[in-house]
Amino acid sequence: MKKDGAKKKKIKVKKSIKIIIIIFISLIIVGITSFFLIKHFTSTTYKLSKLGYSKEDIKILKETFKEEELNKILDKKYHKDYIVVIKDKRFQKGQYLEYLDRLNKGENKEDIINNLDPVVIDLRKKDGYQEEYLGDYLDYLDNHQDDTKVINYVNFMHKIKKNKDYLEDNLDDYMKYYLDNETKSEDDIIKYINFKNKIIKNSLYNEKYLDKYMDYYMKNQSKTDDYIIKYINFTNELDKGKNYNKKYHQKYIDYYIKHMDKKIDDVISTINADEKKKEDAVKAPSKEKPIDISLVDATKFKSATYYIADYQDRYVEYQAKNPSKSTSEVIQAVNSNIDYKFYTNMKSTKTSEGYLMLVNKFYTVGSSYVPSNLVNVTGGGKLEKTAAAQFEKMVQAAKKDGYTLKNVSGYRSYSTQKSLYNNYKARDGQTKADTYSARPGSSEHQTGLATDINTASSAAHFENTKTYKWLINNCYKYGFILRYPNGKTYITGYKFEPWHYRYVGVEAATYIHNHNITFEEYHAYFVSH
Ligand SMILES: [Zn+2]
């Protein structure tokens, strides 16, 4: 029993020690935890984050200020602005505390910066200053002294970057060129540098002509770098060519422009030979070969289609001069008068023939002829009343099929045609002008029966449009014909004009359409004979 009692006592003591140890350890843990918690909640990082600063802001603040300064800041009521000020590009390092002190005194942030930064204050007063580029102005001020120059430079740089032809790779070159050419527009500067950087990579590029290439380009911007290099190289080296003759200088150039694959010596010898031939021809004019009509079977024409008895002698003569032509070709040629030269053997147009009157390089209307009953038509301009009504019908029919037809040139007076033709003649010379423009009195437009539809320019390539296709397949139904078709220039005397239509009435138009002949041929056979 005694022994038992002693044992129990021992166990009790052991338990008490255990409890004490546990309590002691717990106290230590609580103590350490409290220490760290207190440390955390009293740290500046915590206080700053409580005030709403981001981690990144806190990092900047801690790098900028000492611990005790930071604590000061934490008490002040404008604390929110600190980070804004510190991040401001215009803020000068080392001046933070002055900024902040003044901020705390209630001064406006912008005013403080303005007051403190004389460079910015000055810049802001300058013409052309733009706040959004301030950072760039300050960057470039390091390299350039003059404020105004820097403002213009930076403004120009931003402007040029927005240009549609701007190339990032060329920026340095643009800016270098700009500094020497400040009065030039950014368009010109971009074009100049873009082209220059392109041309110097061309295999035919010759450094000594660079200025000449560039001058030529700036005046002829539609030309390619290849063309310009070849042209400049050629014109500058031409006089060194073998057998160069100063007299033909321009002729060499004119020829070269059409044959740019040729070498200088080849161009020179071609032109020299050509010119020699011409001179020889002048010295000894070739006598016309006498024609021998006895070789022609004069009876064969009578049975040919479109035979006109009045022209019998002309058929024979034309056949004798052109033995390789077939009978029908001879008939076609003579009926269309092309055994004569254009604008020779002129006759007066019989205006009494109405819609079938012929006006061309052999038949002319007088300067005083003005059709009666001219009326306005779709697209502007005027046409003769019946032609106009038929034109409008055609416009409506085309519209139904989804095509738009507009008269862009209808009736033209004699005097209008005269000034048009004289302008062309002055520009291109008579020979060339005759291929596309009528001499006054020879224009169908003076009859009020001709219309240029939608365009009057070859460059528009109207012949490739669906509208043209529609017209070709339908115009005859309204009495119109394509007057100057492709491949009939030798008869009509005009190059292909896909836009020029002539009212001749439905019957004639249908015949001409079905038999694929020209109005010259139709008129000779059905109207004048
Ligand atoms: Zn026309």
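Visitor: Hello! Let me start with one residue: how many other C-beta atoms lie within 10 Å of Tyr-306?
Guide: Welcome! Please keep in mind that this is a predicted model. Tyr-306 lies in the loop between α16 and α17. A residue counts as buried from 20 such neighbours upward and as exposed at 12 or fewer. Tyr-306 is partly exposed because its count is 19.

Visitor: What is the phi value of Tyr-306 near?
Guide: Most residues other than glycine have a negative phi. Tyr-306 is not a glycine, yet its phi is positive, near 65°.

Visitor: Which loop residue between α14 and α15 also has a phi near 65°?
Guide: We look in the loop between α14 and α15. The residue there is exposed, since it has 9 other C-beta atoms within 10 Å. Its phi is positive although it is a residue other than glycine, and its name is Asn-243.

Visitor: Let me step back to the whole chain. How many helices and strands does the chain have?
Guide: The chain has 529 residues, of which 23% count as buried. Its secondary structure comes to 25 helices and eight strands.

Visitor: What is the radius of gyration of the chain?
Guide: Start with the box that the C-alpha atoms fill, roughly 170 × 70 × 60 Å along the principal axes. A compact globule of 529 residues would have a radius of gyration near 24 Å. The chain instead has a value of 47 Å.

Visitor: Among contacts between residues at least 6 apart in sequence, what share joins residues at least 24 apart?
Guide: Contacts between residues less than 6 apart in sequence are left out here. Of the contacts that remain, the share joining residues at least 24 apart is 56%.

Visitor: Now to the helices. At what angle do α13 and α14 pack?
Guide: Two packed helices are described by the angle between their axes and the distance between the axes. Helix α13 covers residues 210-219 and α14 covers residues 225-237, and their axes are 10 Å apart. The angle between them is about 125°.

Visitor: What does that angle make α13 relative to α14?
Guide: Angles over 145 degrees count as roughly antiparallel, and those from 65 to 115 as roughly perpendicular. An angle of about 125° falls between these ranges. It therefore makes α13, relative to α14, oblique.

Visitor: Which residues of α14 does α13 meet?
Guide: α13 passes α14 in a right-handed crossing. On the α13 side, the residues are Lys-212, Tyr-213, Tyr-216 and Tyr-217. By class, the contact has six nonpolar, one polar and one charged residues. From α14, the residues met are Ile-228, Ile-229, Ile-232 and Asn-236.

Visitor: How far apart are the axes of α15 and α16?
Guide: Helix α15 spans residues 249-258 and helix α16 spans residues 264-283. They pack at an angle of about 115°, and their crossing is right-handed. The distance between their axes is 9 Å.

Visitor: Which residues of α16 make the contact with α15?
Guide: From α15, Lys-251, Tyr-252, Tyr-255 and Tyr-256 take part. By class, the contact has six nonpolar, one polar and one charged residues. The partners in α16 are Val-267, Ile-268, Thr-270 and Ile-271.

Visitor: Which helix is included in what covers the buried residues of α17?
Guide: Helix α17 spans residues 312-321, and its buried residues are Tyr-315, Val-316, Tyr-318 and Gln-319. The cover includes residues 327-335, which form helix α18.

Visitor: Which residues of α18 make the contact with α17?
Guide: The two helices pack at an angle of about 120°, with axes 9 Å apart, and are therefore oblique to each other. α17 passes α18 in a right-handed crossing. From α17, the contact uses Arg-314, Tyr-315, Tyr-318 and Gln-319. From α18, it uses Val-330, Ile-331, Ala-333 and Val-334.

Visitor: How far apart in space are Thr-404 and Lys-161?
Guide: Thr-404 lies in the loop between α19 and β5. This residue is exposed, with 12 other C-beta atoms within 10 Å. In sequence, Thr-404 and Lys-161 are 243 residues apart. In space, C-alpha to C-alpha, the separation is 41 Å.

Visitor: And what separates the C-alpha atoms of Thr-148 and Gly-128?
Guide: Thr-148 lies in helix α10, residues 147-161, and is partly exposed, with 13 other C-beta atoms within 10 Å. Along the chain, Thr-148 and Gly-128 are 20 residues apart. Their C-alpha atoms are separated by 8.2 Å.

How values were computed
Residues numbered from 1 in each chain as written. Predicted model: local features only at pLDDT ≥ 70, side-chain atom pairs only at ≥ 80, totals over all residues. Axes fitted to C-alpha atoms, helices over the stretch in contact; angles between N-to-C directions. Helix = DSSP H or I, 4+ residues; strand = E, 2+ residues; numbered from the N terminus. Parallel < 35°, antiparallel > 145°, perpendicular 65-115°, else oblique. Left-handed = near helix turned anticlockwise from the far one by under 90°. Contact = placed C-beta atoms within 7 Å. Nonpolar A, V, L, I, M, F, W, Y, C, P; charged D, E, K, R; others polar. Rg over C-alpha atoms; globule rule 2.2 N^0.38 Å.
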